[in-house]
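I am opening my notebook on a structure that I have not looked at before. I will write down each thing as I look it up.

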Amino acid sequence: MSGVRVQLLIRLLVAPVVAALAVLLAGAPGTSGAQTQTDVSEIGAALRESPVYVDPAASDLLPASDADALADKIEDAGEPVFVAVLPAGYPTGNLFQNLRTETGITGLYGVRLGDRFDARADSSVLSRQGVHNLVTAVQGAGDPKAQLNDFVDDALRSVRGSAPSSWDSGGGSAPTGALITAGAVVVIGGAGVYALSRRNRHRREAEQRESLERLRVVVDEDITAFGEELDRLDFHPAEPGADDAMRADYERALDAYEQAKAYMADARKPEDVRAVTQAVEDGRFSLAQLAARREGRPLPERRPPCFFDPRHGPSVADATWTPPGGTTRRVPVCAADQARLSDGRDPMIREVDTEYGRRPYWDAGPAYGPWAGGYFGGGILPGLLVGTMLGGMMAGPAYGAGYGTGYGDFGGYEGGDVSGGDFDPGDFGGGFGGGDFGGGGDFGGGGDFGGGF
């Protein structure tokens, strides 16, 4: 059958269906014309095939072209981020929990419901605080397109995990005529596309190698500094007073040191550095715990390292700091830098080599994103770096996008799990929590969309 006849046949078959749908959507004569509520199972099924779902009754909020562009952005990033756009009157009781159950996929879920927005996530993908930060950041955007794009842009830099494989299947068969046309285009332009793709791939690989070599100098300094801390440590597992908890802390610190060296030896691209600095930071926290046990002090809380130089160790407080020509922000600081700031002196800032000379790491370019992300996690990093070069680079595609979470969340690296193995009813145990459609968090807490708006 010729391509023209195939396309004609498709039109003849589709036209009556489209007409029937138009009648249903407009409302049959003698009826109110009200939209039929889409069952949450249908929404879940749609999200298993594509990261963005727009309910027919909410199509005025996000046109199809904008929804497609948003879905393409998420799919290209390969992160488990889901967006649903629903009408204002959609029932909200246990909505997030039911939606997560229907998809069965570990991820971050954002829902625009009328003019309101909120999100929930599995804790392995993003911490409660990380989700709250994302939701808070976009609450001021009234335009759905701008709000959802801002949410997705921020989310793709923060979540952990990977997209479900079901997105790769496409979710349906393409029309025969379209396949024929696409096949012709591929045959005609395949050689040129392949050559261009190959050149682009080689260029990206060269850029990654160059960035990795710049990072290697800084990371090796970090590993060396941590090794020197271990060498200076006056502790022996068999010494008098040593207990099992102390020995476990010491063992974890040694393991972290060996892991950091192994991860760096295996690193092939800048993103791989994140695991190295995260291992170093885990090791330093183990040493802080060991020191507290030996000195009879309360165990320290898990905090990010000192913002000015992670080699200073875990932070002890948040301090107000204003960089030259920048805006004031709160940053985690070690005790020494806290004292310096209190005295009106400059903190001891980590500088790295750049083509313009020595610069603070946050003004040294996007290659340092994974390095910083391993130490701090993505949930707090953009706020710390606002107004800096690295902070600006994080606003768009850059090496190491998809950092960690935030304060206090140092969980495993999971996500995009169709099996639902990470699903914890305690995480998803409610609708939009706290009586406030803007709180964000994991799927914990009670409440729904009702009340408090």
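Entry one. I began with a side-chain contact, keeping in mind that this is a predicted model: a polar atom of the side chain of Arg-303 lies 3.2 Å from the backbone oxygen of Ala-317. I then looked up where Arg-303 sits, and found it in the loop between helix H9 (273-295) and strand S5 (317-321). Is Arg-303 buried or exposed? Its relative accessibility is 10%, and I therefore noted Arg-303 as buried, since the cut-off for that word is under 20%.

Entry two. How many disulfides does a search of the whole structure find? I noted zero. I wanted to see why Cys-306 has no such bond, and found that the cysteine sulfur closest to its own, in Cys-334, is 3.7 Å away, which is too far for a bond because a disulfide needs the two sulfur atoms within 2.5 Å. Looking from the other side, I found Cys-334 in no disulfide, with the sulfur of Cys-306 as its nearest cysteine sulfur. I also checked accessibility for this pair: Cys-306 is buried at 0%, and Cys-334 is buried as well, with a value of 6%.

Entry three. I turned to Thr-224, which I located in helix H7, a helix that covers residues 176-232. Its relative accessible area is 43%, so I entered Thr-224 as partly exposed, a class that lies between the 20% and 50% cut-offs. I last looked up its separation from Tyr-257, and wrote down 33 residues in sequence and, from C-alpha to C-alpha, 9.3 Å in space.

How values were computed:
Residues numbered from 1 in each chain as written. Predicted model: local features only at pLDDT ≥ 70, side-chain atom pairs only at ≥ 80, totals over all residues. Heavy atoms only, no water. Helix = DSSP H or I, 4+ residues; strand = E, 2+ residues; numbered from the N terminus. Buried < 20%, exposed > 50% of the residue type's maximum accessible area, 1.4 Å probe, protein only. Polar contact = N/O pair within 3.5 Å; in protein donor to acceptor, adjacent residues only side chain to side chain.
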